[in-house]
Amino acid sequence: MRNRYLDLLRFLAIVRVVVYHVTGWASLTLLFPAMSVMFALAGSLMATSLHRSGPTAVGRRLRRLLPSLWVLAAVFVPAMLLTGLPLTPKVLLWLFPVSDPPANYWGALALSPIWYLRDYLWFVLASPVALWLFRRFPLPTLLAPYCLLLAIELGIYPNAPGVLREFGLYFGAWLLGFAHQAGMLRRLANRVLVPIVLVLAAIGGAWILAHPGARGYDLNDNPLGNALWSAAFILVALGRAPSSADWVDRNALFGRAVTVLNRRALTVYLWHMAFVVALTPLVDVVGWSHQDPLGLAIRIALVFLLVGVVTALVGWVEDVAAQRPPELIPGGRLPSSPAARPRASSTRQEASATRPTASTSRPDPPATSAELPVGAGRSAGPSAGRAPERREDAVPGQRGRGGGVSAR
């Protein structure tokens, strides 16, 4: 059966990302480090797929990831080409973003969440080797990204390539997903888990307080604090995860919302920032500032409404990529005809009559959770001319170091 607790975490991450991009509230990054949580969930799912299928799981994961990006590119790339984006071979990166795909002045912000797909792609490609190392040397492999990030942030390894910075920042969360899949986090006794969480949270929190960024105490401006604080959060969220979360479906409407956002997480992730950017002028036109709770609530509702419309139009691509029957709104139950039910019943009776020794039926194989990346980003999105330095989550109109504007 699906793990509804993991579905709930992914649902909360999606909502947090959208709300953060509209409001810019730095406290949301501390309360729920959505990006690291999503990488941890994706790492757990990747480890499960590799365990079942071996390296061929990489191709299947890419098959689920890329089609939704291609739909986005089919809309936005021609629009950017018509508004000043040079037609160069780098445009092909929109098909397979192993590096930041090019964008023009407006596309660089509206499509900046592409950084997440780029990192996700790197991590998927690295997973077969990483899992092999993790199974043989779990603790050294898990600590390696954090040690790399520490060396970069302390100046021991200055001018590190961007790919190494991203691995240092988020691959540790991905490996914690490996540990979750292997049951290591669940087996940690409280006398071990609690001190580790407290130490990580204390060091990460102290580093964040001592090194505020342009937006204050925002995790997205502080890579080392982000990694440590997020690791503590993941250890609790996954290490003490409940065995089930049936209560999610006690309310049919809420349960359906969790299912829809999980099945359409990639579509919501890819498209939401464009609507956030499009609605930003309302701040000046209507006067809905970030200090106006009603205005913020209306903008959040409008973003979700617009994302819902585009999800209904193109979200079915995620079903096709996952080899599921396309659905307009996921999670619905297909009605069975009255005539089919007696036929199925009689078939079961005939089968039981011909096989009197088989007293129990074979259970259905467990369904896998949707393995969709979610979140909008920190460090780098599509490049526009000179590649600016980017962070995890940003709000339109806010600029980071070096004048770059980005979203995470």
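Here are some questions and answers about a predicted model.

Reader: Before we start, what should I know about the numbering and the model?
Author: Residues are numbered from 1 along each chain as its sequence is written, and side-chain values use heavy atoms, with hydrogens and water left out. This is a predicted model, where local features need pLDDT of at least 70, side-chain atom pairs count only at pLDDT 80 or more, and totals for chains, interfaces and linings use all residues.

Reader: How far apart are the end C-alpha atoms of helix 12, and what span should its residues give?
Author: Helices here are DSSP runs (H or I, at least four residues), numbered from the N terminus. The expected span is 1.5 Å times one less than the number of residues. Helix 12 has 12 residues, 252-263, so it should span 16 Å, and that agrees with the distance between its end C-alpha atoms, 16 Å.

Reader: Which residue caps the N-terminal end of helix 12?
Author: Look for a polar contact, meaning a pair of N or O atoms within 3.5 Å; within protein, one must be able to donate a hydrogen and the other to accept it, and residues adjacent in sequence count only if both atoms are side-chain atoms. Here a side-chain oxygen lies 3.0 Å from the backbone nitrogen of Leu-253, and it belongs to Asn-251.

Reader: Is Leu-224 buried or exposed?
Author: Buried means under 20% relative accessible area, exposed over 50%, and partly exposed in between (1.4 Å probe, protein chains only). Leu-224 sits in helix 11, residues 223-239. Its relative accessibility is 5%, so Leu-224 counts as buried.

Reader: Leaving aside neighbours within four places in sequence, which residues is Leu-224 in contact with?
Author: Contact means heavy atoms within 4.5 Å. Once those sequence neighbours are set aside, the partners of Leu-224 are Leu-149, Leu-150, Glu-153 and Trp-207.

Reader: Which residue in the loop between helix 7 and helix 8 has a positive phi although it is not a glycine?
Author: Most residues other than glycine have a negative phi. The loop in question runs between helix 7 (138-153) and helix 8 (162-181). At 74% relative accessibility, the residue counts as exposed. With a phi of about 55°, it is Asn-159.

Reader: Where is Gln-323, which also has a positive phi?
Author: Its phi is about 60° although it is not a glycine. Gln-323 is exposed, with a relative accessible area of 63%. You'll find Gln-323 in the loop between helix 16 and helix 17 (340-354).

Notes: Helices (H or I, at least four residues) and strands (E, at least two) are DSSP runs, numbered from the N terminus.
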